[in-house]
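Have the sequence and the 3D view open side by side. Find each residue as the text reaches it.

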Amino acid sequence: MENIYGVTYEKLEEYFLSLNEKKFKANQLYTWLYDKKIKSFDEITDIKKPVIEKIKESFYLGDIKLVNVERDKLVNKYLFELEDGEHVESVLMRHDYGTSVCVSSQVGCNMGCKFCESGRRKKVRNLTKGEMTEQILKIENDINEKVTHVVIMGIGEPFDNYENVTDFIKIINHPKSLAIGSRHITLSTCGIAPKIREFAHFPYQVNLALSLHAPNDELRNKIMPINKAYPLKEVIDALKYYYNETNRRITFEYIMLDNINDSAKEAQELCKLLKELNCYINLIPYNETNNIDFKRSKKEKILEFYDIIKKNNMNVTIRKEFGSNISAACGQLRSKKEDLWKHFI
Ligand code: SAH
């Protein structure tokens with residue numbers, strides 16, 4: 001049995017063809033799943049009973065259960081229980097340009113970034129495509145409106161779960177499912193160079209963000225162990241390749257850590273490193289968490305860093321803050337709510 005929310009449109013067409021049915025049934029079924037949001041296959045009225053019975057033999061309607069929501073003005077944080085009792089979180093953000101959801105891609109994470117709360121728990125397993133799709137579907141149900149943007153920036157490293165994540169993108173992008181435009185989907189990676197190259201050939205125009213956080217190998221090795229496997233030169237070369245293949249501008253995320261990576265020298269180094277790339281730099285004021293010692297850079301430091309990059313004629317922004325009241329900001333998933341989490345871990 002397979003989770004139906006993890007089945008791409010093409011696979012569903014193949015499935016109906018294998019039953020000697022018209023492949024157009026995939027269209028009907030997707031409408032029931034994603035538009036009418038059925039709770040049981042028996043609600044389907046335009047597919048014959050024997051075919052419905054066949055569908056029921058092969059598929060079931062979802063795995064994940066919404067167990068908690070924390071609501072703030074512009075942000076909701078959702079806690080989901082998976083069918084094996086594991087938990088992940090997703091975050092809904094209301095922007096002036098739409099409603100975005102930050103999805104998790106793994107239970108735990110093996111990348112070991114020193115500043116990240118979500119990575120303190122080692123990877124338990126990859127999320128399935130269905131579990132990722134359902135995070136958005138359940139959130140749409142909760143707010144009773146359409147999600148317009150998706151960022152794959154929750155718990156986990158998406159390129160450590162490549163097949164599922166790319167199929168998930170195909171599923172949510174399909175016009176008959178959630179119809180999230182590919183330009184409204186952003187995947188963020190810590191820099192797994194071979195996967196960046198592979199992603200250059202993924203035929204959907206999604207945005208790629210790289211969690212850089214340090215402009216040289218010495219510092220990056222200290223805060224992001226993945227850099228030892230894929231040093232900056234390899235990552236930057238892979239990104240140049242990605243840019244040449246896709247013509248899509250890359251976003252670099254740079255969290256501002258007090259006295260670690262926020263000096264003028266590092267700003268200059270960063271400009272030098274990224275000079276030849278067509279990119280955006282997004283400076284992210286670090287979100288402090290209970291369990292990790294890093295501190296957020298002082299405001300003046302962030303502004304000074306920003307000015308240096310601007311003076312180098314590069315595209316730079318300082319990320320707007322979201323969700324820190326309810327520990328839903330970047331890198332804070334599964335932090336403060338220890339009392340709640342105790343029940344789950
Ligand atoms: N594994 C992926 C996606 C998840 S992290 C990646 O590394 O990109 C999403 C972003 O939040 C990354 O840029 C990550 O480095 C950043 N982040 C982690 N902890 C943070 C914190 N405490 N404050 C701000 N950003 C943080």
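The tour below starts at the ligand, moves to a set of strands, and ends with single residues. Keep in mind that this is a predicted model.

Start with the ligand. How many residues surround it? The shell holds 19 residues. The closest are S188, S211, H213, Y286 and N287. Sort the shell by character, and you get nine nonpolar residues, eight polar ones and two charged ones.

Now look at the polar atoms. A nitrogen atom of the ligand lies 3.0 Å from a backbone N or O atom of G156. The backbone of T189 also takes part: one of its polar atoms is 3.4 Å from an oxygen atom of the ligand. E253 uses its side chain instead, with an N or O atom 3.4 Å from a ligand oxygen. How much of the ligand's accessible area does the protein cover? On its own, the ligand has 530 Å² of accessible area, and the protein covers 96% of this. Two elements each give two or more residues to the shell. They are β10, residues 185-189, and β12, residues 250-256.

Next, go to strand β4, which spans residues 75-81. Six of its seven residues are buried, so the strand is mostly covered, buried meaning under 20% relative accessible area. β4 pairs with a strand on either side of it in sequence. Take β3 first, residues 65-71. β3 and β4 run antiparallel and share six bridges. Three residues separate them, and the two strands form a hairpin. Then take β5, residues 87-95. β5 is antiparallel to β4 too, with seven bridges between them. This pair is also a hairpin, here with five residues in between. In that turn, G85 has a positive phi of about 90°.

K77 in β4 is a good place to see both pairings. Which residue of β3 stands opposite K77? That residue is E70. In β5, the bridge partner of K77 is V91. As you look along these strands, remember a general rule: side chains in a regular strand alternate between the two faces of the sheet.

Now turn to a helix. E131 sits in α4, residues 129-143. Is E131 buried or exposed? E131 counts as buried because its relative accessibility is 1%, and the cut-off is under 20%. Its side chain makes a polar contact of 2.9 Å with the side chain of R125. Beyond its close neighbours in sequence, E131 is in contact with several residues, including N3, D63, I64 and L82.

K170 is in another helix, α5, residues 162-173. K170 has 28% relative accessibility, so it counts as partly exposed. Leaving out residues up to four places away in sequence, K170 touches T8, F202 and Y204. Compare its position with E300. The two are 130 residues apart in sequence, and their C-alpha atoms are 42 Å apart in space.

Finish with two backbone angles. Most residues other than glycine have a negative phi. K37 is not a glycine, yet its phi is positive, about 50°. K37 lies in the loop between α2 (25-35) and α3 (49-58). Its relative accessible area is 22%, so K37 is partly exposed. N247 also has a positive phi, near 65°. Where is N247 found? It is in the loop between α9 (232-246) and β12. N247 is exposed because its relative accessible area is 60%, and the cut-off is over 50%.

How values were computed:
Residues numbered from 1 in each chain as written. Predicted model: local features only at pLDDT ≥ 70, side-chain atom pairs only at ≥ 80, totals over all residues. Heavy atoms only, no water. Near = heavy atom within 4 Å. Polar contact = N/O pair within 3.5 Å; in protein donor to acceptor, adjacent residues only side chain to side chain. Areas by Shrake-Rupley, 256 points an atom, 1.4 Å probe, with all protein chains shown as cover. Helix = DSSP H or I, 4+ residues; strand = E, 2+ residues; numbered from the N terminus. Nonpolar A, V, L, I, M, F, W, Y, C, P; charged D, E, K, R; others polar. Buried < 20%, exposed > 50% of the residue type's maximum accessible area, 1.4 Å probe, protein only. Contact = heavy atoms within 4.5 Å. Pairing = 2+ DSSP bridges.
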